[in-house]
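This report describes how the parts of one protein chain are arranged, for a reader who is new to structural work. Please keep the sequence and the structure in view while reading.

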Amino acid sequence: MNSSNPPNRSRRSVDDRFRQYSRAAFFASATVGIFGAVAATGRLSSAEPAVGPNSSSRGKGRKDSKVKRWDVITIGNLSRNPYWGESDSQGVRSAICTCTLIQGEGFRLLVDPSLSEAEAMARELDRRSGLKLRDIDTVFVTHEHGDHWYGLAHFPEARWLAAPEVASALNKTLKLPKPVEVATGRLSDAVDILPTPGHTLSHHSLRFDCDGWSIVVAGDAVATQDFWRERRGYFNCVDFDLSAKSMDKIAGLADLVVPGHDNFFLNPPNPSFVKDTDSRP
Ligand SMILES: [Zn+2]
């Protein structure tokens, strides 16, 4: 498919969904989970019915996850962005990928180390988490494009992990001082490795639960929120239809999506979740 004529798949339905389930509506519904318990306590003493049975549920995620917190370390940007009126034919700025830190019981996992200069990587990690480079014990790379592992060598003491074909591609570059190990299934009994082909055929994303939310760190399976809304692949996507299917898959799993080159954003919840909230007094 020609990148200058991107697929318009599901554009209307996706846009409609975004209009219908606004960010404000989602967070209004989310606060039911946070404040519902307080409201329920008060109401129980006066024998009034508590809020509905689903109100304590924040999202698709489990609350008993081993992931305790997560943070975006660098917010990425694309080298060219058609949603900003820029042509796909040439880059107009350096690309930086979104780099995410996932911390839990016994692990500190960094996804897609983004910055090629060690000092800059260390500064951003410290600025966003208070951690030092040596504090990271595992680094996961979503795919073999250089901007997603520019900073890998700054974490020599960490385990370097990627899905099998990605690890193979990285090791074949001969640019790394030690091999990237193969990872499949689940990391630290907390983070699922998901095949999300399309941008590259071997692309893999990560999914985990934290505090009741399901979060997908998508890598370039989702370029930015604008691309997500249209289920559109970036210009260098190898299979646009497969890319759209991977985004649909992520949409079925995630409350929050961390794209490859943008800040994290909301995946609109299911209609009944919002409808129940909208009907509250
Ligand atoms: Zn890429």
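The sections below treat two sheets, the helices beside them, the nonpolar core and two particular loop residues.

## The sheet from β1 to β6

The model discussed here is predicted. One open sheet has six strands in the order β1-β2-β3-β4-β5-β6, with mixed pairing. Its edge strands are β1 (67-74) and β6 (181-182), each of which pairs on one side only. Helix α3, made of residues 118-129, packs on this sheet and touches β1 and β2 (99-104). The direction of α3 makes about 135 degrees with that of β1.

At the β6 edge, strand β5 (residues 159-162) and β6 run parallel and are joined by two bridges. Within this pairing, A162 has V182 in β6 as its bridge partner.

A residue of helix α4 also touches this region. A167 lies in α4, which spans residues 164-172. Is A167 buried or exposed? A167 counts as buried because it has 20 C-beta neighbours inside 10 Å, and a residue with 20 or more is classed in this way. Apart from residues up to four places away in sequence, A167 touches A162, V180, E181 and V182. Two of these contacts, A162 and V182, are the bridge partners already named. A167 and V141 are 26 residues apart in sequence, and their C-alpha atoms are 8.4 Å apart in space.

## The sheet from β7 to β12

Another open sheet also has six strands and mixed pairing, in the order β7-β8-β9-β10-β11-β12. Strands β7 (186-187) and β12 (265-266) stand at the edges with a single partner strand each, so one side of each has no neighbour in the sheet.

As general background, the strands of a sheet pair through backbone hydrogen bonds, either parallel or antiparallel. The table lists three pairings in this sheet, each with one pair of facing residues.

| Strands | Sense | Bridges | Residue pair |
|---|---|---|---|
| β7 and β8 | antiparallel | two | L187 and V191 |
| β10 and β11 | parallel | four | V217 and V258 |
| β11 and β12 | antiparallel | two | L256 and L266 |

The connection from β11 to β12 is a hairpin through five residues.

## Helix α6 against the sheet

Helix α6 consists of 14 residues. From its first C-alpha to its last, α6 reaches 20 Å, close to the 20 Å expected at 1.5 Å a residue. Which residues of α6 are buried? They are F240, S243, S246, M247 and I250. These residues cover an arc of only 115 degrees around the axis, and therefore lie on the same side of α6. Their packing partners are β9, β10, α5 (225-229) and β11.

## The nonpolar core

How many residues make up the largest nonpolar core? This core has 58 residues. Those with the most contacts inside it are V139, F140, V141, A162, I215, V222 and V257. Strand β10 supplies the largest share of the core, namely five residues.

V257 can be followed in more detail. Its neighbours within four places in sequence being left aside, V257 is in contact with V216, A218, V222, W228, I250, F264, F265 and N267. Among these contacts, I250 is one of the buried residues of α6, while V222 is listed with V257 among the core residues that have the most contacts.

## Two loop residues with positive phi

Two residues other than glycine deserve attention for their backbone angles. S188, in the loop between β7 and β8, has a positive phi near 50 degrees. D211, in the loop between β9 and β10, has a positive phi of about 55 degrees.

Why are these residues classed as partly exposed? The class of partly exposed residues lies between 12 or fewer neighbours, which is exposed, and 20 or more, which is buried. S188 falls in this class because it has 17 C-beta neighbours inside 10 Å. D211 falls in it because 16 other C-beta atoms lie within 10 Å.

How values were computed: Residues are numbered from 1 along each chain as its sequence is written. This is a predicted model: local features need pLDDT of at least 70, side-chain atom pairs count only at pLDDT 80 or more; totals for chains, interfaces and linings use all residues. Two strands pair if DSSP finds at least two bridges between them. The expected span of a helix is 1.5 Å times one less than its number of residues. The arc is that of the directions from the helix axis to the C-beta atoms. Two residues are in contact if their C-beta atoms, placed from the backbone, lie within 7 Å. A nonpolar core is a set of buried Ala, Val, Leu, Ile, Met, Phe, Trp, Tyr and Cys residues joined through C-beta atoms within 7 Å. Axes are lines fitted to C-alpha atoms, for helices over the stretch in contact, and angles run from 0 to 180 degrees between N-to-C directions.
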